[in-house]
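Hello,

Here is the structure I said I would pass on. My notes on it follow below.

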Amino acid sequence: RDAGVKGYVVKMATSVEAAGVRAKPREKKQKKQSQVDESELLTVPEGWKESPFTKEDNPRGLLEESSFATLFPKYREAYLKECWPLVQKALNDSHIKATLDLIEGSVTVSTTKKTFDPYAIIRARDLIKLLARSVPFEQAVRILQDDVACDIIKIGTLVRNRERFVKRRQRLIGPKGSTLKALELLTNSYIMVQGNTVSALGPYSGLKEVRKVVLDTMKNIHPIYNIKTLMIKHELAKDPDLRMQNWERFLPHFKHKNLSKRKEPKKKAVKKEYTPFPPPQPESQIDKELATGEFFLRKTQKKRKKMEEIKVKQAEVLSKRQEERNKAFIPPKEKPVVKTKKVPAEAKIDIAAIKEKVKKAKNKKLGAPPVNPALQTSANEKKKKRKG
């Protein structure tokens with residue numbers, strides 16, 4: 001028995017060693033496979049579609065009943081009540097039961113005995129979530145299709161300041177919803193911004209891009225940069241030669257610029273040059289007295305000197321006060337008197353001369369030569385003689 005046990009142990013050891021030797025080339029193969037570009041693994045032939053899940057794939061149905069429930073806000077109650085028959089009709093095709101509780105404010109979906117698709121309940125759960133997040137029924141019902149998924153991105157906790165959060169959320173929507181519309185066209189998905197969440201509905205590749213753009217916008221990166229890169233990728237994907245190549249050389253690289261500058265103080269403290277030596281010790285009162293020679297004076301002499309200094313200061317203050325008082329008694333400077341010049345008698349206005357000038361001006365005719373007064377008087381005299 002001992003010999004048999006030993007032989008079994010030896011065989012096991014040899015088999016383990018052989019497995020270890022074989023494992024090394026396998027690891028190398030796995031590394032080579034991991035180095036293969038992910039785009040090659042993700043590419044799907046054009047026109048290929050996965051066959052739909054039918055009752056023949058699962059004829060016996062499900063063993064257990066599954067259910068999901070979600071709450072909805074008060075303002076969605078009227079809309080859900082209106083479109084609820086359409087929701088029930090859409091879920092009946094997958095044999096999913098849906099109930100609307102208006103008292104509690106919740107929606108519940110659950111499987112039935114006829115349900116054959118195990119993933120149908122997950123799609124029904126996503127449908128009621130989207131309806132609760134203000135997505136219209138016409139868009140939310142698309143989640144029941146095989147090639148459509150949804151993503152609800154929570155953005156409420158990403159920014160602390162409420163005003164900043166509102167500005168960044170508005171930046172994602174854009175003026176008149178233009179930024180959101182451009183993102184929808186590039187990702188081939190439907191996006192709904194409501195409150196503290198962003199609901200997206202579309203293909204998996206599009207949802208991945210939408211999440212990236214939304215999170216970047218909340219991190220203060222403008223969505224126009226991501227939209228620009230998506231547009232370039234969209235054009236590059238059309239070229240079959242460039243589809244398998246690296247696109248880094250075509251994509252723009254934007255540098256983050258922080259434009260907010262710190263307010264500089266009015267008085268800037270100029271830093272002194274660094275010296276390894278400590279500053280000199282300040283002089284004490286005794287040192288100052290020794291330097292001036294006061295230290296060697298007697299107490300009476302020191303008092304006398306202090307009194308003299310006080311008297312000098314008092315005299316200066318008194319003189320300043322006296323000057324200020326004397327300012328009130330200084331007379332102000334008088335303005336020089338301007339003498340009026342007497343008008344001479346010759347410069348008086350001659351009224352008779354002015355009257356003659358006016359008469360002459362009336363006699364003159366516009367465009368006609370001036371009339372000679374001597375000729376006029378002679379003509380008048382001739383007329384008088386004839387009459388006489």
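**Cores, a surface patch and two loop residues**

The largest nonpolar core has 26 residues, and those with the most contacts inside it are Val87, Leu91, Ile96, Val109, Leu127 and Leu131. A nonpolar core here is a set of buried Ala, Val, Leu, Ile, Met, Phe, Trp, Tyr and Cys residues joined through side-chain atoms within 4.5 Å. Buried means under 20% relative accessible area, exposed over 50%, and partly exposed in between (1.4 Å probe, protein chains only). Two or more residues of this core come from each of α3 (77–92), β2 (96–101), β3 (106–111), α4 (120–132) and α5 (137–140). Helix α4 gives the largest share, eight residues. Helices (H or I, at least four residues) and strands (E, at least two) are DSSP runs, numbered from the N terminus.

The model is predicted: local features need pLDDT of at least 70, side-chain atom pairs count only at pLDDT 80 or more, and totals for chains, interfaces and linings use all residues. Residues are numbered from 1 along each chain as its sequence is written, and side-chain values use heavy atoms, leaving out hydrogens and water.

Leaving aside neighbours within four places in sequence, Leu91 is in contact (heavy atoms within 4.5 Å) with Ile96, Ala98, Val109, Ala124, Leu127 and Leu144. A second, separate core of 19 residues includes Ala149, Val159, Val198 and Val213.

Most residues other than glycine have a negative phi. His95, in the loop between α3 and β2, has a positive phi of about 60°. Ser134, in the loop between α4 and α5, has a positive phi of about 70°. His95 is partly exposed, because its relative accessibility is 29%; Ser134 is buried at 10%.

Regards
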